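This report concerns the structure shown below. It begins with a group of aromatic rings and then turns to the strands.

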Amino acid sequence: MRPASAALQSYLAANDSFVVVDLYTFALASGAVLRYSGWTTPLTIPGTAFPAGSLNFDAAGYTSFELGPRFGRSMVTTKIGIEPTELDISILAGVGDLIGGSSLADAVRIGQFDGATVELDRLFAPPQADGSGALATSLGAIVWFYGRVAETDAGRSKIDMKVKSLLNLLAQQQMPRRLYQAACTHVFGDAMCTFNRASMAASITAAAGSSQAAIVTTLSPSPSTLYDQGTIIATSGANAGQSRTIAQLASGSIQLLKAWLEPVATGDAFELLPGCDHTLATCQNTFNNLVHFGGFPYIPPPELAV
């Protein structure tokens, strides 16, 4: 049974006529949250109309859903067991449906929605007396589906998105957790690694020629690969608060795996956090963290094991 407000439960028990509106919420890996209304107008809904734990719950304010692209979706099924359920979403986006400075389709193509969390809510409201006017939002909403984006396909006129419930994460867990391999199995900077990435952070400003996909800088780290596979965080400018993974810092340019949502202006400030290639040499020589190295560099290769 899905959680619902007391007002909604009472209304549904006493009435068989109501309006149902789909609300779509996308929490991107970058930290941006996009909310779209499935109604004919934008909606501003009390945050307490959503169950606690919802991406849209707000105990002290309101949650706004803009009138964005048109959505279509498959039915939501509920199953007993551990098989993940799926939701297929079709998005018909117009030229005015933008994410930052990029079209919605371009944002999907460059991976902005990869691994994004998706919440589908259904808002219940009393029928409008004359079929027009503002929609009452006091009854509340039900979380209808919650999952993560698994596959995307952006065509010329339509974006197809497959979302799988969080049960799908069980299929992605590495079992057993620790493997005998040369490379370190820890996530750089986690509780097993213990290295403080902030201790080697660097602050830079974007130089002339910077773009959403590459930041021009005069920084010359030692070693030169210190920030490869690391993290860049925007601390000022239009992208402030967002972060991206650094593909490579070479020839005075920081190449990003995913472009920024907003244009980068000369003088925008960024913070760089180091990355790690999970090798013994890097752990020992660059980070002096050999005691916490999680690999097995001296294990023989499979063709030599007996």
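## Aromatic cluster

The model discussed here is predicted. Within it, ring pairs join Y24, F26, Y36, F71 and F113 into a cluster.

## A tilted pair between distant segments

With ring centres within 6.5 Å taken as the criterion for a pair, the count of aromatic pairs comes to twelve. One of them is formed by F188 and F287: the ring centres lie 4.9 Å apart and the planes meet at 45°, so the pair is tilted, given that planes under 30 degrees apart count as stacked and those over 60 as edge-to-face. The two residues belong to distant parts of the chain, being 99 residues apart. F188 is in the loop between β11 (159-165) and β12, while F287 is in the segment after α3 (280-286).

Are the two partners buried or exposed? The cut-off for a buried residue is under 20% relative accessible area. F188 has 14% relative accessibility and therefore counts as buried. F287, at 7% relative accessibility, likewise counts as buried.

## Arginines over a tryptophan ring

W144 has two arginines over its ring face. R2 lies at 4.3 Å from the ring centre of W144, and R122 lies over the face of W144 at 5.2 Å from the ring centre.

## The seven-stranded sheet

Strands of a sheet pair through backbone hydrogen bonds, in either a parallel or an antiparallel manner. An open sheet of seven strands follows the order β2-β1-β9-β10-β11-β6-β5, and its pairing is antiparallel. Its edges are occupied by β2 (33-37) and β5 (70-73); each has a single partner strand, so one side of each lacks a neighbour in the sheet. From one strand to the next, the twist averages 30°.

Within this order, strand β9 (residues 117-125) and strand β10 (residues 141-154) run antiparallel and are joined by seven bridges. L123 has A141 in β10 as its bridge partner.

## The six-stranded sheet

Another open sheet contains six strands in the order β12-β17-β14-β15-β16-β13, again with antiparallel pairing. Here β12 (202-205) and β13 (214-216) stand at the edges, and because each has a single partner strand, one side of each is left without a neighbour in the sheet. The twist from one strand to the next averages 35°.

At the β13 edge, three bridges connect β13 to strand β16 (residues 253-256), and the two strands run antiparallel. I215 stands opposite I254 in β16.

Key
Residues numbered from 1 in each chain as written. Predicted model: local features only at pLDDT ≥ 70, side-chain atom pairs only at ≥ 80, totals over all residues. Heavy atoms only, no water. Pairing = 2+ DSSP bridges. Helix = DSSP H or I, 4+ residues; strand = E, 2+ residues; numbered from the N terminus. Axes fitted to C-alpha atoms, helices over the stretch in contact; angles between N-to-C directions. Phe/Tyr/Trp six-rings, centres within 6.5 Å; stacked < 30°, edge-to-face > 60°. Buried < 20%, exposed > 50% of the residue type's maximum accessible area, 1.4 Å probe, protein only. Lys NZ or Arg CZ within 6 Å of the ring centre and 35° of its normal.
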